[in-house]
Amino acid sequence: MILIRCAAIIAALFLIWQHPASAQDVTLTSRDGKVELSGMLLGFDGEFYRVQTDYGELTVDGSGVLCAGPGCPNLEDFVAEVQLSGSATMGAVLMPALINAYGQRADYDVTREDTDDPTRFTYLLTRRDTGKPAARFFFRATNTDEGFADLLADEADIVMALREIGREERINAREAGMGDLTGANRSRVLALDAVVPVVAPTNPLRTISPLMLARAFAGEVTNWQDLGGPDAPIELHLPDGSSGLSQAIVDQVMKPAKLTLTDNIVRHATPGALADAIARDSLSLGITSYAEQRSTMVLTLGGTCGFNLNAARRTIKTEDYPLTAPMFLYFPARRLPLIAREFLAFTRGPAAQNVIRRAGFVDQAPEEIVVEQQGNRFANAITVAGKEISLQELQRMTATLKPMARLTTSFRFEAGSIRLDAQSRSNVQQLARALEQGQYDARRMLFVGFSDGDGAAGPNRDIALRRAEAVLRAVSAAAVTANLERVDLGVDAFGEAMPMACDDTAWGRQANRRVEVWVR
């Protein structure tokens, strides 16, 4: 039986056998000989053929057809092929480490095959029991822009991206029949990184506000004296402009300040090269990734209210550090080979999270943080107490949260929107899977909403409560197979009572608007 993606053309498909096949590279014939389909083979995953026909792109179940023509694969010695394109950071370090770990776990030998082009290489997976090749993972490790371009050109199965897909890229992908790449099954946050300002260890500066950072890279602040340093000009360094990291810097540092980058910036091909240049020059200021800080000094983000935020593994995982940079995988709406699907399933598990940590990135395995390990969060609450936040409300918050532990799984919203941001959408799926696996059975799980301090405290608390309820609904809906009666689920909100950052900047207000998850 032939299974095709678009049910609307089934009737037309059964008429194809009446016409002689033209000189195309495959002909698929049903086992009873009554249906014949000719076209250009786009791919075969070991189970399904993907064929371009006069009726569009069709997906055909290989178990129900016989294949004839020069394009037919060798079914006995089938080798799955997967094309990955995009971020050099992910392609050079993270993905190879995960493929090696998956191969070891699944009983494959893994061999790297290099080419004359340093951006192109292949990982060959060979079955240990038979010695036969099982899969080839072809890499083109350049930048995020190139990854999405390869996907739209049908030259990539998986995009490695250091930013979310752009609006035009999303529209073009949908028009090309690749589905909505922002959907739950079309993208995934693989790991986490962050955008961090860095200086040389010999530079006396240790703290900078996001606004002053943006003004420096806009060319409005040009002397270290304006930042509390020596009387000397600032030399600016950024990653290559086509990289996903560079685009994340524009989105997270420059746009909230409504500023644009100056032309007087030294660009670097890789974040590591940028960090090395910064470490050698005490008068330079750069922005790079947390994972590639190397021997530089990462500056603390400060504010006028006295709240400071450091980039660390836990603060990035919770998004308490505001300049997080998720590392994405994007897939078109078509089946990947079985071994590729098994590899992607492996990347969600605990073994893969250990690999991600060892590679220097931030994993997504949820951790429980007891109150005693939460730094200045409750001290911040006392600092802002006053007419709007009463002592009674602080006491209620303390009594509610002190017996519990906070999960590192948090939820935040896109600026000016009720839509969860990219990392939070991934967190919905992650927490839903944990509930399906029974990890929180017989426990209390509380979704707690917080807001910024813009406006009156009462309405802010109401908004925070509605957001907490929305997150609970999203997680419950995603946990399809979970028995939610085994978990004591609830919501609460404390509005602006526990700020993470100063409310006098857009990024600070964004950091304060969140839904946390607490468990007991």
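Guide: Helices here are DSSP runs of H or I with at least four residues and strands are runs of E with at least two, numbered from the N terminus. This is a predicted model, in which local features need pLDDT of at least 70 and side-chain atom pairs count only at pLDDT 80 or more, while totals for chains, interfaces and linings use all residues. Residues are numbered from 1 along each chain as its sequence is written, and side-chain values use heavy atoms, with hydrogens and water left out.

Visitor: Which element supplies the largest share of the lining of the second largest pocket?

Guide: That element is α13, with seven residues, and β11 (187-199), β18 (324-330) and α9 (338-346) are among the others that each supply at least two. The lining has 27 residues, with Ala184, Asn185, Arg186, Ser187 and Arg348 nearest the centre of the pocket; a residue counts as lining if it has an atom within 4 Å of a point of the pocket on a 1 Å grid.

Visitor: What makes Cys67 and Cys72 a disulfide?

Guide: The rule asks for a pair of cysteine sulfur atoms within 2.5 Å, and the S to S distance between Cys67 and Cys72 is 2.0 Å, so the pair qualifies. By this rule the count comes to one disulfide.

Visitor: Why is this disulfide called left-handed?

Guide: The torsion about the S-S bond of Cys67 and Cys72 is about -90°, and the disulfide is therefore left-handed.

Visitor: Are Cys67 and Cys72 buried or exposed?

Guide: Buried means under 20% relative accessible area and exposed over 50%, with partly exposed in between, for a 1.4 Å probe and protein chains only. Cys67 has 26% and is therefore partly exposed, and Cys72, with 22%, is likewise partly exposed.

Visitor: Why is strand β24 (residues 514-519) described as largely enclosed by the rest of the structure?

Guide: Six of its six residues are buried, so the strand is largely enclosed. Both faces of β24 are covered, with Arg514, Glu516 and Trp518 buried on one side and Val515, Val517 and Val519 buried on the other.

Visitor: How do you know that β22 (residues 444-450) and β24 pair?

Guide: Two strands pair if DSSP finds at least two bridges between them, and β22 and β24 have six, in the antiparallel sense, so the condition is met. Within that pairing, Leu446 stands opposite Trp518 in β24. Strand β20 (residues 405-407) is joined to β24 by two bridges, also antiparallel, with Ala405 opposite Val519. Two bridges likewise join β21 (residues 411-412) to β24, where the bridge partner of Phe411 is Val515.

How values were computed. On a 1 Å grid over the protein atoms alone, a cavity is a set of points where a 1.4 Å probe fits but cannot get out, and a pocket is an open set with protein on both sides within 12 Å along at least five of seven lines; lining residues have an atom within 4 Å of a point.
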